[in-house]
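Biologist: I would like a close look at a single part of this model, set in the context of what surrounds it. Please take it slowly and connect the pieces as you go.

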Amino acid sequence: MKRRVCGLDECGRGALSGPLVAAAVVLNCSVKRLVPIAKAPLKDSKVLNSKQRERVYQALMKSGATIGVEIVSARQINNQGIGWANREIFRRLIRQIEADEYIVDGNLSVRVNGKGKRIRSLIRADKMIAEVMAASIVAKLTRDKIMSDLHMKHPAYGWKTNV
């Protein structure tokens with residue numbers, strides 16, 4: 001049986017406004033099969049343009065990938081701190097999705113009862129691990145949509161162009 005790897009990444013940790021969004025992805029097909037469906041490369045969300053990210057996201061949905069998304073609001077970040085928010089958002093996702101291994105982008109120590117030995121943090125995982133690249137795309141698209149919606153409610157802040 002194929003080993004199920006769950007990649008996790010976040011978006012919005014360095015932002016001064018808006019929520020922290022994280023995603024977890026377990027691929028259901030090979031990257032060689034996914035890329036032609038997407039008609040775009042599978043890479044870290046920061047190096048893809050918005051059209052490429054959308055194409056990969058749609059291909060992930062069509063492929064039957066397991067996807068989880070969690071959001072920590074700006075209010076929760078202000079009350080609990082960004083360090084808490086960053087660990088908590090990944091804990092929620094790991095509890096939500098079953099996998100043989102969890103790879104978290106960065107050097108964050110994340111502990112979840114019963115899954116501790118299967119969780120690994122890896123700096124620059126979003127540049128090396130396909131599942132983490134996919135998670136970075138899902139997190140970025142989700143947060144960009146939230147910020148675009150906020151822009152519609154409060155256009156004076158210019159959030160639509162500051163995603």
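Biologist: Which residue in E2 is the bridge partner of Asp9?

Modeller: The bridge partner of Asp9 in E2 is Ala23, and since this is a predicted model, that pairing should be read as a feature of the prediction. The bridge belongs to a set of 5 that join E1 to E2, with the two strands running antiparallel. E1 also pairs with strand E4 (residues 101-105), here in the parallel sense and over 4 bridges, and within that pairing Leu8 of E1 has Val104 as its bridge partner in E4.

The burial of E1 fits into the same picture: 7 of its 7 residues are buried. On one side of the strand are Val5, Gly7, Asp9 and Cys11, on the other are Cys6, Leu8 and Glu10, and both of these faces are covered.

Two of the residues just named, Asp9 and Glu10, return in the description of the largest pocket, where they lie nearest the centre together with Lys46, Asp105 and Asp126, out of 16 lining residues. Strand E1 (5-11) and helix H5 (130-153) are the elements that give two or more residues to this lining, and the largest share, 3 residues, comes from E1. By residue class the lining divides into 9 charged, 5 polar and 2 nonpolar residues, and the space in the pocket amounts to about 350 Å³.

Asp105, another of the residues nearest the pocket centre, leads on to strand E5 (119-122), for Asp105 is among the contacts of Leu122 once neighbours within four places in sequence are left aside, the others being Ile103, Val104, Gly106, Met128 and Ile129. Leu122 itself is found in strand E5 and, because its relative accessibility is 23%, counts as partly exposed. Leu122 and Val31 are 91 residues apart in sequence, and their C-alpha atoms are 20 Å apart in space. In the loop between E5 and H5 sits Arg124, a residue other than glycine whose phi is positive, near 65°; at 55% relative accessibility, Arg124 counts as exposed.

A positive phi of about 55° is also found at Lys39, again not a glycine, in the loop between helix H1 (31-38) and helix H2 (50-63). Lys39 counts as exposed because its relative accessibility is 69%. As background to both cases, most residues other than glycine have a negative phi.

Turning to the interior, the largest nonpolar core has 23 residues, of which Val25, Leu27, Leu34, Leu42, Val56 and Leu60 touch the most other members. Strand E2 (20-26), H1, H2 and H5 are the elements that give two or more residues to this core, and H5 supplies the largest share with 8 residues. E2, the antiparallel partner of E1, is thus named again here. A second core, separate from this one, holds 21 residues and includes Val72, Ile89, Leu108 and Val112. Within the largest core, Leu27 offers a view of the packing: leaving aside neighbours within four places in sequence, Leu27 is in contact with Lys2, Val5, Leu34, Leu60, Ala65, Ala130, Glu131 and Ala134. One of those contacts, Val5, brings the account back to E1, where Val5 is buried on the side that also carries Asp9.

Terms used
Residues are numbered from 1 along each chain as its sequence is written. This is a predicted model: local features need pLDDT of at least 70, side-chain atom pairs count only at pLDDT 80 or more; totals for chains, interfaces and linings use all residues. Side-chain values use heavy atoms; hydrogens and water are left out. On a 1 Å grid over the protein atoms alone, a cavity is a set of points where a 1.4 Å probe fits but cannot get out, and a pocket is an open set with protein on both sides within 12 Å along at least five of seven lines; lining residues have an atom within 4 Å of a point. Grid points are joined across faces, edges and corners, and a volume is the space filled by probe spheres set on the points. Ala, Val, Leu, Ile, Met, Phe, Trp, Tyr, Cys and Pro count as nonpolar, Asp, Glu, Lys and Arg as charged, and the others, Gly among them, as polar. Buried means under 20% relative accessible area, exposed over 50%, partly exposed in between (1.4 Å probe, protein chains only). A nonpolar core is a set of buried Ala, Val, Leu, Ile, Met, Phe, Trp, Tyr and Cys residues joined through side-chain atoms within 4.5 Å. Contact means heavy atoms within 4.5 Å. Two strands pair if DSSP finds at least two bridges between them.
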